[in-house]
Each structure stands twice: as C-alpha cells, then as structure tokens.
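Biologist: I should like to learn how to read the main features of a protein model. May we go through one together, feature by feature?

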Amino acid sequence: MQYLLMHKDIPVMEIEIDEATYGISRIGEIYQFAHIPLGVLTYQKKVDRAVLNHWWMGRSIPLSRSGLREALEVMDIPMPQKLIEKCLALSLSDQYWICPAGKDMKWSEVNFFQNEFSEDVGNILFGMKPNSKRLDLMSPDNTSDGYLKKKWKIIDGKRYLMKGGNGQVQQEPFNEVFATEFMKQMGEIQFVSYGLWWEQDMPYSICEDFIDENTELISAADMMKIQKRPNHVSEYHHFLHCCDILGIPNASDSIHKMLTLDFLIANDDRHFHNFGAVRNAETLEWIGIAPIFDCGNAMWHNQPTSRIETKCVNTPSRTFKKTHEEQIKLVPSFQWLNQACLEQAVDICREVYSKNPFMDAHRLDTLCVAMDTRTQFLKDILQEQVYKNDIGEITIN
Ligand SMILES: Nc1ncnc2c1ncn2[C@@H]1O[C@H](COP(=O)(O)OP(=O)(O)O)[C@@H](O)[C@H]1O
Ligand SMILES: [Mg+2]
C-alpha cells in the first residue's frame with residue numbers, strides 16, 4: 001500500500017508498505033530532506049531502504065515486550081509491525097505518521113496529542129479481555145517502545161504513560177518514584193516526575209507525556225548516527241560531539257547530571273534509547289537534552305537480595321562505561337549538586353520502598369545500606385575535588 005511519510009503536515013517522502021511483511025518495500029519521491037527521521041540519512045546523505053526499515057520496525061512494540069505474544073493472539077495480529085499501520089504510525093513521543101496516498105488527511109485530525117484514542121490495545125497488553133469483538137486499534141500503544149508492560153491513558157485531558165513492574169518484587173514502579181523523589185532534592189536537574197498508581201492491587205508508575213504537539217523526542221542512538229564514530233573516539237566523546245554538531249544547548253551539563261543520578265541509583269539500563277534530546281518538530285530547532293526518564297531498571301531490580309552490591313564496586317552500567325564507578329569519573333564537576341541530598345538519600349529510599357508490599361524488610365534494609373555506600377562514595381569524590389581545587393591541581397570546568 002502507498003503512503004506519504006509525514007512530519008506533522010510536512011510531506012517527507014513517498015513509501016510503499018508491503019502487505020505481507022509490513023516492511024517498507026519501496027521509497028518514492030523525497031520532498032523534504034531536512035525532515036527525514038534523524039539517523040535515517042546515510043553519511044552520503046542518501047536514504048537507504050534498509051536503514052529506513054530499521055527505523056520503521058523500531059516504531060513497533062518490541063518482541064521482548066512483556067505480554068506481547070498473548071496480546072497478539074487476542075487481537076489476531078501476526079506481528080507487532082502490522083499494528084503500526086493500524087494507527088497510521090502515530091505516536092505520543094514524536095510527530096511522524098503515514099497518510100494513505102491520495103487521502104487528504106490533516107495532522108490535526110489524527111494526532112494523539114489533540115485527539116482521543118482507544119485504550120483497547122493498552123488494555124489487552126495489560127492482560128484484560130476486550131469488551132467487544134470489534135477492537136479499535138487506533139492507539140499510541142502500537143508504537144510504544146520498551147520491555148515493560150505499558151499503556152497510554154488520558155486523565156483530565158492530559159496524556160500519561162503507565163508502566164508495570166516485573167517479577168516477585170515489582171520493584172520498577174517504585175524505582176521510578178525513588179528516582180523522582182531523589183531528583184527533587186538533587187538541585188537543578190530536568191526530569192520526568194513519576195507517581196505510583198494502583199490497579200487491581202498491582203503497582204504501576206505513571207508519568208505525564210513530556211512531549212507535546214510541537215516537540216519530539218529523538219533518541220541518543222539516532223543522534224549518534226549523524227556521523228560515523230572513528231575507532232579511536234569513545235562513545236561518550238562521540239555523543240557530545242554529535243550534540244555539538246546539532247547545536248543542543250547545555251548537553252554536557254545535562255548528561256553529567258544524568259550520569260550522577262544513574263551512579264547513585266545503580267541504573268543498569270541507560271542504553272542509547274533511554275535518553276536523548278527534544279526538538280521542535282516544525283522548525284527542527286533543538287530545545288535540549290530530554291528530561292531524565294525511565295529509571296525503573298535500577299537498584300538491582302532483577303537481582304535477588306543476596307546480589308545487591310552494598311560495597312559500591314563494579315556496579316554494571318550500559319551507557320559509556322561498563323561500571324558506574326568508572327563512569328562517574330566522566331563527571332568533571334559537582335558544583336551544581338545540592339550536597340544535602342546525599343544526607344537524605346537513605347531516608348527517601350526507606351520511605352519509597354516501604355510502600356512496596358512485595359518487598360521484604362531484609363531487601364529494604366539491604367537497599368538502604370547500598371544507598372548509604374553509594375552516597376558515601378560520591379561524598380569522597382566531592383572531598384577529593386575540593387582538596388585538589390584547594391591545592392590548584394585541577395580546575396573544575
Ligand atoms: N513521559 C514520556 N513522554 C513521552 N515519551 C515517553 C515518556 N516516557 C517514555 N517515553 C517513550 O516511550 C519509550 C518507552 O518508555 P520507557 O519508560 O523507556 O519504557 P521501558 O521502561 O519499558 O524501557 C521511551 O523510550 C520513550 O521513547
Ligand atoms: Mg526504556
């Protein structure tokens with residue numbers, strides 16, 4: 001089937017979607033090079049169909065999504081890629097969509113920021129039985145990323161993302177809330193605020209959409225594709241270099257704040273799709289690094305209590321270094337940090353996790369010990385910086 005790939009009301013290019021595989025089988029005329037999704041243009045400034053398909057398939061619910069197989073069975077849909085077409089590829093995180101060729105559709109009539117959407121797909125992903133046989137598949141849940149069970153919800157006219165937890169302890173929603181409560185104390189730091197939400201006695205995290213009808217989130221993974229990374233350049237330097245080329249304001253400060261938080265909460269999943277930058281979708285002007293979101297995979301969420309690292313050594317990281325103890329050395333200065341937050345960390349930890357009925361007292365105590373060690377580790381670094389500064393060994397920039 002023939003479509004126009006659109007960016008709000010800007011036609012970007014003609015594409016054909018194969019009815020059997022749901023992939024992009026042909027690229028037609030290109031109308032707006034500047035609006036081609038970031039990361040899809042090759043270094044030779046050409047659109048490669050394989051790269052475009054990678055981006056397209058990346059819009060669908062990942063196969064690793066908890067509960068996806070059962071949901072596809074209920075909907076009688078062979079693969080999640082088919083769902084992208086069912087919602088015109090619209091999302092609540094960016095402004096790309098597809099308009100069937102020859103149809104005169106306006107973005108304002110279809111987008112999910114200004115129009116209501118069905119919760120059928122979200123509810124089925126949450127394991128609920130559909131009320132009727134006629135499902136409405138027009139939903140931003142068809143294009144949501146990530147492994148955890150999740151759905152978009154409209155509450156009082158605002159769009160919220162609701163995410164579940166995993167395993168026996170269901171720790172992830174509480175991790176989001178802990179990160180939120182902690183970041184409130186950290187100083188000047190941009191973050192998405194998560195609250196707790198209970199449904200059928202199960203905990204969920206809930207946060208407001210930080211994208212609106214004018215903006216969009218671009219992942220760090222896509223940002224890093226604008227240039228080839230030379231072998232001798234680290235991913236850290238490459239990312240900051242790409243931010244420079246794109247002209248993203250205050251990128252390194254924002255990233256250093258994120259790395260500091262991730263160190264403290266032992267985030268083991270800050271991969272290049274879990275942070276990025278926000279731009280205006282029409283003018284393409286960059287607003288800044290996206291507020292910190294997705295802090296659920298932290299605090300040894302998927303580890304038994306005996307494996308919680310209370311000594312602060314070799315804590316795994318997925319961003320720029322293999323361990324947090326190495327990665328925190330990339331942060332050149334903590335002058336922005338409200339140091340009092342380090343004194344409050346254990347109390348916040350105890351307060352948030354004691355609300356989790358699935359967490360036993362031993363695990364709660366162990367997390368508090370781990371938090372105490374990590375804040376002490378950071379205090380030691382701060383002390384060292386002050387000392388080196390005093391004797392003029394380093395200048396903090
Ligand atoms: N508050 C939000 N507003 C807009 N987009 C969001 C928001 N939270 C998450 N997203 C988008 O949804 C994706 C999946 O959400 P995420 O929190 O990363 O889920 P998971 O924990 O399953 O990885 C993110 O990668 C991002 O693109
Ligand atoms: Mg994620």
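Modeller: The discussion below takes up the domains, the ligand, the sheets and one helix residue in turn. Please bear in mind that this is a predicted model.

Biologist: Let us begin with the overall division. Which domains does the domain assignment of the protein give?

Modeller: The assignment lists domain 1, covering 2-163, and domain 2, covering 215-390. Between the C-alpha centres of domain 1 and domain 2 there is a distance of 29 Å. Their contact draws on 12 residues from domain 1 and 13 residues from domain 2. On the side of domain 1 that touches domain 2, there are 4 nonpolar, 4 polar and 4 charged residues.

Biologist: Where does ligand 1 lie with respect to the two domains, and why?

Modeller: One looks at which domains supply the surrounding shell. Here domain 1 and domain 2 both contribute residues to the shell around ligand 1, so the ligand lies between them.

Biologist: Which residues come nearest to ligand 1, and what classes make up its shell?

Modeller: There are 21 residues around ligand 1, and those that come nearest are Ser93, Asp145, Gly146, Leu148 and Asp294. Sorted by class, the shell holds 10 nonpolar, 6 polar and 5 charged residues.

Biologist: I turn now to the sheets. How do strands of a sheet pair?

Modeller: The strands pair through backbone hydrogen bonds, and the arrangement is either parallel or antiparallel. As a case, take strand E1 (residues 2-7), which pairs with strand E2 (residues 10-17) in the antiparallel sense over 6 bridges. Within this pairing, His7 has Ile10 as its bridge partner in E2. E1 and E2 form a hairpin with 2 residues between them, and Lys8 in the turn has a positive phi of about 50°.

Biologist: With which strand does E1 pair over 5 bridges?

Modeller: That strand is E4 (residues 96-100), and the pairing is again antiparallel. Tyr3 in this case stands opposite Pro100 in E4.

Biologist: Is E1 mostly covered or mostly open?

Modeller: One counts the buried residues along the strand. In E1, 5 of the 6 residues are buried, and the strand is therefore mostly covered by the criterion of 20 or more other C-beta atoms within 10 Å.

Biologist: How should I read the strand order of an open sheet, and which strands stand at the edges of the sheet E5-E6-E8-E7?

Modeller: The order lists the strands as they lie side by side; this open sheet has 4 strands and antiparallel pairing. Strand E5 (150-155) and strand E7 (194-199) stand at the edges with a single partner strand each, so one side of each has no neighbour in the sheet. From one strand to the next, the twist averages 35°.

Biologist: What joins E6 to its partners in this sheet?

Modeller: Strand E6 (residues 158-163) pairs with E5 in the antiparallel sense over 6 bridges. In that pairing, Lys153 has Tyr160 as its bridge partner, and Trp152 has Leu161. The hairpin of E5 and E6 has 2 residues between the strands, and Asp156 there takes a positive phi near 50°. Towards strand E8 (residues 202-208), E6 runs antiparallel and is joined by 4 bridges. Leu161 stands opposite Cys207 in E8.

Biologist: What is the order of the open sheet of 3 strands?

Modeller: Its order is E9-E10-E11, with antiparallel pairing. Strand E9 (215-219) and strand E11 (286-289) are at the edges, each having a single partner strand, so one side of each is left without a neighbour in the sheet. Neighbouring strands are turned by 25° against each other on average, direction ignored. E9 and strand E10 (residues 276-280) pair over 5 bridges in the antiparallel sense, and Glu216 has Arg279 as its bridge partner in E10.

Biologist: Finally, where is Lys86 placed, and why is it classed as partly exposed?

Modeller: Lys86 belongs to helix H3 (residues 80-86). Its class follows from the number of neighbours: 16 other C-beta atoms lie within 10 Å, so Lys86 is partly exposed. Leaving aside residues up to four places away in sequence, Lys86 touches Leu137 and Asn142. Lys86 and Ile289 are 203 residues apart in sequence, and their C-alpha atoms are 31 Å apart in space.

How values were computed. Residues are numbered from 1 along each chain as its sequence is written. Chains are lettered from A and ligands numbered from 1 in the order in which they are written. This is a predicted model: local features need pLDDT of at least 70, side-chain atom pairs count only at pLDDT 80 or more; totals for chains, interfaces and linings use all residues. A residue is near a molecule or strand if its C-beta atom, placed from the backbone, lies within 6 Å of it. Ala, Val, Leu, Ile, Met, Phe, Trp, Tyr, Cys and Pro count as nonpolar, Asp, Glu, Lys and Arg as charged, and the others, Gly among them, as polar. Domain bounds come from an automatic or database domain assignment. Two residues are in contact if their C-beta atoms, placed from the backbone, lie within 7 Å. Two strands pair if DSSP finds at least two bridges between them. Axes are lines fitted to C-alpha atoms, for helices over the stretch in contact, and angles run from 0 to 180 degrees between N-to-C directions. A residue is buried if 20 or more other C-beta atoms lie within 10 Å of its own, exposed if 12 or fewer, and partly exposed in between; C-beta atoms are placed from the backbone.
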